[in-house]
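Biologist: I would like a close look at a single part of this model. Please keep the account connected and plain.

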Amino acid sequence: MSGVLPPFQRFLDSNREVVWRFLVASVGAVEAEDCFQETFIAALSAYPRLRPESNLRAWVMTIAHNKALDSHRARARRAVPVAEPAAVEVRGAPERAVRDDALWTAVGGLPERQRSAVVLRYLGDLPHREIAAAIGCSEEAARRSLHEGLTKLRKAVPA
Amino acid sequence: MSANRREHDDELGEALGRAAAAAELRTAPSARSRQRSAQDAAAAAARLSTRVAADGLADVSYAPVDSPFGTLLAAGTAAGLVRLAFPEESVDSVLDGLARRISPRIVEAPAPIEPVRRELEDYFSGSRHSFDVALDWSLIGPFGRRVLHATAEIPYGGVLSYAEVAAEAGSPRGSRAAGNALGSNPIPIIIPCHRVLRSGGALGGYGGGLDRKRFLLELEGALPARGA
């Protein structure tokens with residue numbers, strides 16, 4: 001329906017999985033629950049003020065992204081390593097699993113914006129335009145952050 | 001970009017995909033872990049809806065309610081029950097209407113609807129003859145309000161004619177206008193528009209279909225049960 005926001009429940013149902021996946025990937029399964037609740041409570045509170053033609057998915061990913069950053073910072077203050085790998089279900093050759101684990105740790109070690117770009121791209125499955133909206137930068141800057149992030153990962157995890 | 005490096009990027013992308021799989025994401029290799037991620041997300045969303053409804057953060061909450069007619073959809077605001085929809089009405093169109101006319105802050109949550117569910121259950125079992133749940137009249141215009149207020153006064157087991165309800169509503173617009181107001185009753189059964197008949201006793205119309213009107217009137221003893 002044009003010109004009217006969808007009922008919040010429909011918005012929640014159609015975005016809950018992408019937000020959940022993104023949060024599990026960026027803060028781990030344990031913290032994901034709180035971040036998920038905070039993300040959608042913040043979304044609910046701002047919801048009626050949105051313009052109906054807004055990109056709702058990019059908007060909610062922006063909120064989720066900010067909640068994930070808050071969670072990272074709170075964790076850093078508690079001196080727990082940032083972005084420890086979520087419970088890893090090992091599949092395939094053991095050496096590959098070890099390498100994936102190293103990659104995951106490397107993702108956690110990226111600077112904020114690069115990590116966000118990589119996570120939003122590969123785990124949130126967002127196009128560059130929506131990554132830019134979520135991070136709050138230009139599309140060009142989002143591309144650059146993604147590229148820089150991948151370059152660092154390439155160095156950290158040799159082929 | 002050299003062929004070598006491009007290859008490494010592809011590998012990196014694949015490895016990120018596997019990392020995602022490890023975190024039980026969409027790109028997970030097995031349908032089972034993908035399904036589990038979807039279930040976790042659904043459970044988190046259900047906790048969210050329940051919580052925001054309990055904390056009064058949503059403007060409208062709704063839930064399905066069983067009835068002899070099938071599954072009804074009940075929706076309420078802080079003021080009370082605002083909408084009761086028959087099974088033929090699509091959930092999407094009912095919710096779109098509520099988003100447009102009341103607020104898009106709508107969540108599915110059974111707890112606020114529980115008193116409505118219980119009272120309807122008692123009503124259909126014959127043990128309840130009047131409803132105590134609060135009603136939100138905000139979907140009803142000024143003329144409709146007069147007509148439906150008059151309708152709400154008709155006791156269990158009683159009936160009035162369209163002309164009588166129009167007169168009660170102080171309407172110079174007569175029984176046709178009253179019929180239209182009754183036909184767009186957003187809270188049927190509980191605002192008992194089924195208790196309004198044609199002069200002479202013919203059933204007239206009903207938004208939920210005449211079979212249901214007859215069923216309700218028989219339940220209330222206002223019509224002899226068929227076959228009796």
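How are H3(A) and H6(A) oriented to each other: roughly parallel, roughly perpendicular or oblique? Please take in the surroundings of H3(A) as well.

Modeller: This is a predicted model, and the answer is that H3(A) and H6(A) are oblique to each other. Their axes lie 8 Å apart and meet at an angle of about 45°. An angle of about 45° is not under 35 degrees, the limit for roughly parallel, and does not reach the range of 65 to 115 for roughly perpendicular. The crossing of the two helices is right-handed. On the side of H3(A), the contact is made by Arg57(A), Ala58(A), Met61(A), Thr62(A) and His65(A). On the side of H6(A), the partners are Glu130(A), Ala133(A), Ala134(A) and Ile135(A). Sorted by class, these residues are 5 nonpolar, 2 polar and 2 charged.

Next, H3(A) itself. The helix covers residues 56-77 of chain A. With 22 residues, H3(A) reaches 32 Å from its first C-alpha to its last, close to the 32 Å expected at 1.5 Å a residue. The buried residues of H3(A) are Val60(A), Met61(A), Ala64(A), His65(A), Lys67(A), Ala68(A) and Ser71(A). An α-helix has 3.6 residues a turn, so residues three or four places apart point the same way. The list of buried positions in H3(A) includes Val60(A), Ala64(A), Ala68(A) and Ser71(A). Met61(A) and His65(A) are buried and also take part in the contact with H6(A). The buried residues of H3(A) pack against H1, H2, H5 and H6 of chain A.

Of these neighbours, H1(A) can be described in some detail. H1(A), residues 8-27, packs on H3(A) at an angle of about 30°, with the axes 10 Å apart. H1(A) and H3(A) are therefore roughly parallel to each other. Their crossing is right-handed. From H1(A), the contact takes in Phe11(A), Asn15(A), Val18(A), Val19(A), Phe22(A), Leu23(A), Ser26(A) and Val27(A). From H3(A), it takes in Leu56(A), Arg57(A), Val60(A), Met61(A), Ala64(A), Ala68(A), Ser71(A) and His72(A). By class, this contact has 11 nonpolar, 4 polar and 1 charged residues. Arg57(A) and Met61(A) are listed in the contact with H1(A) and again in the contact with H6(A).

H2(A) is another of the helices met by the buried residues of H3(A). H2(A) runs over residues 29-46, and its 18 residues should span 26 Å at 1.5 Å a residue; the end C-alpha atoms are 26 Å apart, which agrees. Ala32(A), Cys35(A), Phe36(A), Thr39(A), Phe40(A), Ala43(A) and Leu44(A) are the buried residues of H2(A).

H5(A) and H6(A), both neighbours of the buried residues of H3(A), also pack on each other. H5(A) is made of residues 112-122 and H6(A) of residues 128-135; their axes are 10 Å apart at an angle of about 135°. That makes H5(A) oblique to H6(A). The crossing of H5(A) and H6(A) is right-handed. H5(A) contributes Arg113(A), Ser116(A), Ala117(A), Leu120(A) and Arg121(A) to the contact, and H6(A) contributes Ile131(A), Ala134(A) and Ile135(A). The residues of this contact divide into 5 nonpolar, 1 polar and 2 charged. Ala134(A) and Ile135(A) thus appear in the contact with H5(A) and in the contact with H3(A).

One distance runs from H3(A) to H7(A). Arg143(A) is found in H7(A), residues 139-156. The C-alpha atoms of Arg143(A) and Thr62(A) are separated by 16 Å, and the two residues are 81 apart along the chain. Arg143(A) is partly exposed, with 16 other C-beta atoms within 10 Å.

As for the setting, chain A has 7 helices and 0 strands. Buried residues make up 43% of its 159 residues. Of the contacts in chain A between residues at least 6 apart in sequence, 67% join residues at least 24 apart. Chain B has 8 helices and 6 strands, and 38% of its 228 residues count as buried. One place where the chains touch is Ala45(B), which contacts Leu12(A), Asp13(A) and Arg16(A). Ala45(B) lies in helix H2 of chain B, residues 31-54, and is buried, with 23 other C-beta atoms within 10 Å.

Methods. Residues numbered from 1 in each chain as written. Chains lettered and ligands numbered in written order. Predicted model: local features only at pLDDT ≥ 70, side-chain atom pairs only at ≥ 80, totals over all residues. Helix = DSSP H or I, 4+ residues; strand = E, 2+ residues; numbered from the N terminus. Buried ≥ 20, exposed ≤ 12 C-beta atoms within 10 Å, placed from the backbone. Contact = placed C-beta atoms within 7 Å. Axes fitted to C-alpha atoms, helices over the stretch in contact; angles between N-to-C directions. Parallel < 35°, antiparallel > 145°, perpendicular 65-115°, else oblique. Left-handed = near helix turned anticlockwise from the far one by under 90°. Nonpolar A, V, L, I, M, F, W, Y, C, P; charged D, E, K, R; others polar. Expected span 1.5 Å × (residues − 1).
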